[in-house]
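User: Could you walk me through the salt bridges in this model? I'd like to follow the reasoning as we go.

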Amino acid sequence: MFIPTSSNPLCIIGTLYLYVLIARAILSWFPLSSGSVWVSISRGLQVITEPVLRPFRRLIPNAGMFDVSFLLAFIAILLINELILCRL
């Protein structure tokens with residue numbers, strides 16, 4: 001899917017961050033029982049991704065139960081990664 005086209009470390013980090021966002025989105029679809037290892041993983045993903053998602057959430061309100069800000073943040077990071085970071 002997203003394979004870094006460059007050996008540039010910034011490109012690789014940007015691509016890994018996209019995978020972290022995907023993992024967070026997938027984990028948000030499932031109920032997690034307390035004490036599960038998945039709860040710790042989910043919290044770790046939130047700590048890593050929330051600083052980037054928070055500004056988008058302030059600007060874009062939720063559309064019902066859908067978080068449109070997450071999609072726009074993902075697209076923005078994808079474009080920055082592919083058009084800038086991977087071309088350095």
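Analyst: Happy to, starting with one pair: E50 and R57 form a salt bridge, their closest N and O atoms being 2.8 Å apart. A salt bridge here is a side-chain nitrogen of Lys or Arg within 4 Å of a carboxyl oxygen of Asp or Glu. This is a predicted model, where local features need pLDDT of at least 70, side-chain atom pairs count only at pLDDT 80 or more, and totals for chains, interfaces and linings use all residues. Residues are numbered from 1 along each chain as its sequence is written, and side-chain values use heavy atoms, with hydrogens and water left out.

User: Is E50 buried or exposed?

Analyst: Buried means under 20% relative accessible area, exposed over 50%, and partly exposed in between (1.4 Å probe, protein chains only). E50 has a relative accessible area of 18%, so E50 is buried.

User: Which residue forms a salt bridge with R24?

Analyst: R24 lies in helix α1 and its partner in helix α2, so the pair ties together parts that are 26 residues apart in sequence. Helices are DSSP runs (H or I, at least four residues), numbered from the N terminus. Both residues are buried, and the side chains meet at 3.1 Å, N to O, the partner being E50.

User: Which residues do the shared partners join into one network?

Analyst: D67 forms a salt bridge with R57, with closest N and O atoms 3.0 Å apart. That pair links D67 in the loop between α2 and α3 to R57 in helix α2, ten residues apart. Salt bridges that share partners thus make one network of R24, E50, R57 and D67.

Technical notes:
Helix = DSSP H or I, 4+ residues; strand = E, 2+ residues; numbered from the N terminus.
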